[in-house]
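Me: Could you take a close look at one part of this structure for me, the place where the two chains meet? I'd like the contacts there first, and then whatever else in the chains helps to fill in the picture.

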Number of protein chains: 2
Amino acid sequence: MADQAPSQAELVVLKQLWASGEQSAREVHDQVATVTDWSYSTTRTLLARMVQKGLVEKRDSHGLALYAAGEAKVSLIGKMVKSFSQKVLELDGSLPVSAFSDSKLLDEGELDELSRLLEEDEDD
Amino acid sequence: MADQAPSQAELVVLKQLWASGEQSAREVHDQVATVTDWSYSTTRTLLARMVQKGLVEKRDSHGLALYAAGEAKVSLIGKMVKSFSQKVLELDGSLPVSAFSDSKLLDEGELDELSRLLEEDEDD
DNA sequence: AGCATCGTGTGACAAACGTAACATAAATGT
DNA sequence: ACATTTATGTTACGTTTGTCACACGATGCT
């Protein structure tokens, strides 16, 4: 249901949320900090904006704020693939998911799911 | 050698330049206007910014400004594909170009060229 | 000669993005 | 109890992007 496309920085956050599920800002930060050199403030700003956009859901757990991805990994990545295919490569259909088999982001089951997803809306 | 990645809007302009070669701002505009609803001013601003970034080259022809893509289509698209593969899908290598065979942007010869390009720098 | 048109340069302005600092209150350590 | 660390809310600021408008000079039509 999240509609907005994530920016590059936001994608980093989303990947962390997908990888480790619901977590606090501190937890998200400690992980992404191994890959970016954001300050904790930056991580938090990103989370806040993503909540606004609906990319992330915020929940209060006993006074601590927890964040989770607003849309499933396969679903969002699917949209991004589709968008890239159409806007950049000008393909009508989508890319064959088999092309992604080496992805470190999606395992085999997820690739299958993605296949189904992409074929579903072959009628846009 | 153009380094900056084009934004979505800029990509539209580039595609027009690739498709019809060097042309005036007016010519670019008349074409892109069939697909966007930009004002002529908008087209011109995009062209100017793209010249700054090195995405487009500007040349004076008898007092009239002509614009041309600063980087070949296959080359730039190749970079974009590679970037998407790595940043979004987390593939080490690149996507198999065979996946793009239905592209309206690249013909068969260009796809071959792209293949070569992508394999070349398999050692980054 | 005078007016409409076209190309060019320049300025504008809001939204999105990248990147953070500051203040304050609650939790924790000693 | 007091100092320190932590979490949350708020504010900030420069850059990029999307979209244009305006003013001026050259060209061309009447």
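Reply: What follows starts at the interface and then moves into the chains themselves. Keep in mind that this is a predicted model, with every value computed from it.

Let's begin with how the two copies sit. Chain A lands on chain B after a rotation of 180° with 0.0 Å of shift along the axis, and the RMSD of that superposition is 0.0 Å. That is how a two-fold axis relates two copies. If you want to find the axis from chain A, look for A:Ala99: its C-alpha is the one nearest the axis in that chain, at 3.4 Å. Both copies use the same surface, too, as 100% of the contact residues of chain A recur in chain B.

Now the interface itself. It brings 21 residues of chain A into contact with 21 residues of chain B. The size of an interface is often quoted as the accessible area lost when the parts come together. Here the area buried between chain A and chain B is about 2,100 Å², and carbon and sulfur atoms give 63% of that. On the chain A side, the residues that lose the most area to chain B are A:Phe84, A:Leu89 and A:Glu90, which together account for 26% of what that side buries.

On the polar side, the rule finds 12 residue pairs in polar contact across the interface of chain A and chain B, both residues being at pLDDT 80 or more. As for secondary structure, α1 and α4 (73-89) of chain A are the elements that give two or more residues to the side touching chain B. Of these, α4(A) gives the most, with 7 residues.

Then there are the charged pairs. Side chains of opposite charge can pair when their charged atoms come close. Between chain A and chain B the count is 4 salt bridges, against 12 over all chains. One to zoom in on is between the side chains of A:Lys15 and B:Glu90, at 2.7 Å from N to O. Another salt bridge pairs A:Lys104 with B:Asp92, with the closest N and O atoms 2.7 Å apart. A:Lys104 sits in the loop between α4 and α5 of chain A and B:Asp92 in the loop between α4 (73-89) and α5 (108-120) of chain B, so this pair joins two chains. A:Lys104 counts as exposed because its relative accessible area is 62%, and the cut-off for that is over 50%.

Salt bridges inside a chain are worth a look as well. In chain A, the side chains of A:Glu110 and A:Lys73 meet in one at 3.0 Å, N to O. This pair links distant parts of the chain: A:Glu110 is in helix α5 (residues 108-120), A:Lys73 is in helix α4, and 37 residues separate them. Both A:Glu110 and A:Lys73 are buried.

For a contrast, try chain B, where the side chains of B:Arg59 and B:Glu22 form a salt bridge at 2.7 Å, N to O. B:Arg59 belongs to strand β2 (residues 56-61) of chain B and B:Glu22 to the loop between α1 and β1 (23-24), so to speak two distant parts of the chain, 37 residues apart. B:Arg59 is partly exposed at 42% relative accessibility, and B:Glu22 is partly exposed at 39%.

While you're in chain B, have a look at B:Glu10 in helix α1 (residues 8-20). B:Glu10 is buried, with a relative accessible area of 4%. Its side chain reaches the backbone nitrogen of B:Ser7 at 2.8 Å, and also makes a polar contact with the side chain of B:Lys53, again at 2.8 Å. Leaving out residues up to four places away in sequence, B:Glu10 touches B:Ala5, B:Leu46, B:Met50, B:Lys53 and B:Leu55.

Last stop, helix α2 (residues 25-32) of chain A. Its buried residues are A:Ala25, A:Val28, A:His29 and A:Val32. They cover an arc of only 95° around the axis, which puts them on the same side of α2(A). The spacing fits the usual helix rule: with 3.6 residues a turn, residues three or four places apart point the same way. The buried residues of α2(A) pack against α1 (8-20), β1 (23-24), α3 (40-53) and β3 (64-69) of chain A. A:Gln31 lies in this helix too, but is partly exposed, with a relative accessible area of 43%.

Note on methods: Residues numbered from 1 in each chain as written. Chains lettered and ligands numbered in written order. Predicted model: local features only at pLDDT ≥ 70, side-chain atom pairs only at ≥ 80, totals over all residues. Heavy atoms only, no water. Buried < 20%, exposed > 50% of the residue type's maximum accessible area, 1.4 Å probe, protein only. Helix = DSSP H or I, 4+ residues; strand = E, 2+ residues; numbered from the N terminus. Arc of directions from axis to C-beta. Contact = heavy atoms within 4.5 Å. Least-squares fit on C-alpha atoms with pLDDT ≥ 70 in both. Buried area = accessible area lost by both parts, 1.4 Å probe. Polar contact = N/O pair within 3.5 Å; in protein donor to acceptor, adjacent residues only side chain to side chain.
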